[in-house]
Structure formats: structure tokens, C-alpha cells
Amino acid sequence: MTRSYFATTARGLEEIAARELEFLGAKEVKPVFTGVHFQGDISLLYRVNLWSRIIFRVLVPIAEIPCGDGKELYDGIQAIDWRDYLSSEETLAVQCTGTNDRLNHTHYTALSIKNAIIDQQRQQGNPRSFVDTENPDLQINAHIEKNRCVLSLDSSGHSLHRRGYHRAMGVAPLKESLAAALVELSAWQDDMVLLDPFCGSGTIVIEATLKALNIAPGLSRSQFGFQKWPDYQPDLWQSLLQEAKEKQKSQLNAPIYASDADYEVLRQAEDNAYFCQVQDYINFSLQSITDLEPTSDRGIILCNPPYGKRLGNTEELWPLYKSFGDVLKQRFKGWTAYILSGNKELTKQIGLRSSRRTPLYNGSLPCTLLKYELY
């Protein structure tokens with residue numbers, strides 16, 4: 001049976017998430033602000049949760065109700081028979097996004113929805129479900145826009161960007177989903193050398209390695225939200241897991257390099273690669289920018305250098321960016337560099353003209369992915 005779904009994603013990644021969903025087999029794909037509408041069967045729902053590198057969550061809409069005020073919302077919630085989704089022995093959690101004139105506090109709105117559900121359980125003569133915000137049996141998402149509330153079930157559970165390997169965290173680590181998006185937005189193919197000379201926690205090179213080895217990100221997770229639902233199909237899920245394991249590769253087609261000038265930071269990156277079980281595929285080295293040398297006549301540099309608002313002071317970073325630009329111009333002819341930055345003043349110090357600029361967001365910080373073709 002075909003159903004409608006909604007994938008949530010970071011701002012600026014809607015189009016690339018839509019392309020990923022189409023690749024995975026989604027139909028009627030429509031990107032909107034911070035998300036993508038799509039359609040498919042239950043197999044696709046499982047497959048997207050298992051394979052997506054870009055999105056945060058897959059929501060399954062179950063109702064759209066009027067919510068001009070709190071009473072209208074409460075009555076609409078009670079009109080749904082929650083026994084179809086939740087038993088009294090199971091826990092729940094409610095997350096709310098969006099507001100209107102009468103419902104302008106998301107925490108209070110979520111509390112009202114929860115109260116309407118447990119009040120219905122009591123009216124039916126059943127014990128009430130308890131709230132578990134960490135690992136609920138049923139995660140409900142309510143999105144309010146004007147005087148309508150879309151109620152959805154969260155099939156993912158914890159956000160899909162949490163791969164589980166970020167045991168060692170740097171000062172300003174990239175989300176795994178953003179790092180995966182950077183890999184997709186670059187011209188890198190798995191038969192080309194990849195270098196991250198500001199590897200930090202190692203997220204970019206780890207995500208690139210996972211992609212090159214065709215490892216499904218969801219294989220590292222112990223559970224998804226849909227596995228607690230009444231209509232969960234364990235045999236279907238096991239077949240998808242087995243298929244994913246059989247598609248994995250055992251070696252890279254080209255080397256992946258990661259370096260950093262900070263010894264402690266580099267150790268964190270190595271630890272994360274170890275937790276992800278890809279440490280043997282990435283060449284880590286302690287190295288300053290001025291010591292960088294190409295290992296081939298062509299390749300991709302993809303990096304997220306410090307840019308003032310995250311680490312260090314802007315003026316103090318000028319020499320670093322100037323040195324980086326000099327190294328690119330003098331030693332990396334034939335390569336292509338992609339640099340994520342949230343500071344125009346710093347990227348000016350590189351001294352190169354970018355051939356493409358892609359606006360993105362690193363959390364709430366507006367950034368640009370700059371492409372430099374090095375001749």
C-alpha cells in the first residue's frame with residue numbers, strides 16, 4: 001500500500017535530500033522548507049531509514065485536524081482512536097513544531113496533545129500510557145501551521161544523523177548528515193583521491209568512506225521507531241538488512257586522507273573512525289597546512305576549516321587561510337577544492353576565485369560551500 005511520508009532535513013539540504021529519496025525509490029517527491037514530501041510503500045519507509053545519509057527523520061502523517069485554539073486541538077486529538085497506534089502498556093512522547101496566535105508555546109501544545117491521548121485511555125477504562133522522552137514506544141510529531149495541525153508518527157526514533165560513532169567530539173563537529181551532504185555536493189567519486197586537511201573529528205572522511213564502501217548508515221543503529229509499531233514487519237526488515245550487508249564493499253577504489261595540525265583533535269578523529277569500524281580505510285596524519293603535498297595529479301580537497309564564529313578569532317585566522325591558499329595554488333594544480341566557510345573575510349585571504357558557491361547552514365549558522373578549480 002502506498003502512503004505519504006515526510007522527511008525532515010536541515011535547512012538548505014532539501015533538494016539534495018529529494019534526490020537521495022528518488023534514488024532510493026520514492027515517488028511524488030516534493031521538497032519544501034526543511035523537508036521533503038514523498039510517497040511509497042512500507043518497504044520504502046524501512047529502506048529510507050536504513051540508507052538515508054542526509055535526512056533527520058521520516059514522519060508518517062496520520063491526521064490533519066483544526067487547531068484554532070486549545071479546545072479545538074484537544075477535541076481533534078480525542079476524535080482519533082489511539083488504540084490503533086498505542087496500548088496502555090506502551091510509552092509515548094510528543095514533539096511539537098510551529099505555532100499560531102492561540103497556540104504559541106510548543107511545549108504547552110505538546111502537553112495538551114499528550115493529555116488528550118491519556119484522557120481518552122482513561123475514558124475507555126484503560127490505564128494511562130506514561131511519557132518516555134528518551135526511548136518511547138510511540139513518538140508523535142505535531143506540526144502547527146495557521147489553524148491546522150498535522151499529526152505524524154516518527155518512524156525513525158532518534159535522529160538519523162546520529163550514526164553512533166561520534167564518541168570523541170571536537171569543539172565544533174559537523175553533523176554527520178551535513179558532512180554526507182558535502183560529499184554529495186562535491187565532485188568526488190570513489191575512484192578519486194579525497195583529502196581533508198582540517199579533519200577535526202573526522203566526520204567528512206568517515207562519511208565519505210561509508211559511502212565509498214556502500215555501507216548503509218542505519219546498520220549501526222540498534223532500533224528504529226517503526227520497530228515498535230503494531231504493523232511492524234520483522235521479516236521484511238531482516239531481508240533489507242541482509243541485502244544491505246551483501247552490498248557492502250571490502251576495499252576502496254582510491255585512498256582517503258585526513259590530516260590536522262592538532263594532535264588531540266587528530267586522535268579524536270581516529271577514535272571516531274575506530275568506533276565506526278573504518279579506521280583501516282582512512283590515512284590519518286598529523287600535519288600543518290604548510291606541509292601539505294599532493295599524493296596524485298588529481299583529486300578532491302573537501303574541508304571545513306575554522307572560521308572565526310566557531311573557533312578562534314577572525315583576524316587570527318587570516319594567516320592560516322592565506323597559507324592554505326598559497327599551498328593550493330602552488331602544489332595542487334589539477335585538483336578541485338571545496339571549502340565550507342561561514343566567514344567571507346577569511347575566504348578572501350585564500351586569494352582564489354571560486355567557480356561555484358552553494359549556500360548551506362551549519363546548524364543555525366549560514367555558510368557557503370565554495371568550489372575552487374585549481375589550474
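## A tour of a two-domain predicted model

With a relative accessible area of 60%, E28 is exposed (exposed means over 50%, buried under 20% and partly exposed in between, using a 1.4 Å probe on protein chains only). Since this is a predicted model, local features need a pLDDT of at least 70 and side-chain atom pairs one of 80 or more, while totals for chains, interfaces and linings use all residues. Residues are numbered from 1 along each chain as its sequence is written, and side-chain values use heavy atoms, without hydrogens or water.

E28 sits in strand 2 (strands are DSSP E runs of at least two residues and helices H or I runs of at least four, numbered from the N terminus). The backbone of E28 has a positive phi, although E28 is not a glycine. Most residues other than glycine have a negative phi. T34 also has a positive phi without being a glycine; T34 belongs to the loop between strand 2 and strand 3 and is partly exposed, at 26% relative accessible area. A glycine joins the list just after helix 1: G25 has a positive phi too.

| Residue | Place | Phi |
|---|---|---|
| G25 | just after helix 1 | about 110° |
| E28 | strand 2 | about 50° |
| T34 | loop between strand 2 and strand 3 | near 55° |

Helix 1 itself spans residues 14-23, and its buried residues are E14, I16, A17, A18, E20 and L21. An α-helix has 3.6 residues a turn, so residues three or four places apart point the same way. What do the buried residues of helix 1 pack against? Their partners are three strands, namely strand 1 (3-8), strand 2 (27-32) and strand 3 (35-40), together with helix 2 (42-51) and helix 5 (176-185).

Let's zoom out to the whole chain. The protein is divided into domain 1 (1-152) and domain 2 (174-216 + 248-372), with bounds from an automatic or database domain assignment. Taken over C-alpha atoms, the domain centres are 36 Å apart. Ten residues of domain 1 are in contact with 15 residues of domain 2, where contact means heavy atoms within 4.5 Å. The largest nonpolar core (buried Ala, Val, Leu, Ile, Met, Phe, Trp, Tyr and Cys residues joined through side-chain atoms within 4.5 Å) has 119 residues, and F38 and L151 have the most contacts inside it. This core lies between domain 1 and domain 2 because both give residues to it.

The loop between helix 6 (203-212) and helix 7 (234-247) holds Q227 and K228. Buried or exposed: which describes K228? K228 counts as buried, at 17% relative accessibility. Beyond residues up to four places away in sequence, K228 touches E90, N135, P136, D137 and Q223, and its side chain reaches the backbone oxygen of P136 at 3.4 Å. K228 and A269 are 41 residues apart in sequence, with 34 Å between their C-alpha atoms.

Q227 has contacts with S222, Y232 and W237 once neighbours within four places are set aside. The side chains of Q227 and Y232 make a polar contact at 3.3 Å (a pair of N or O atoms within 3.5 Å, where within protein one must be able to donate a hydrogen and the other to accept it, and residues adjacent in sequence count only through side-chain atoms on both sides).
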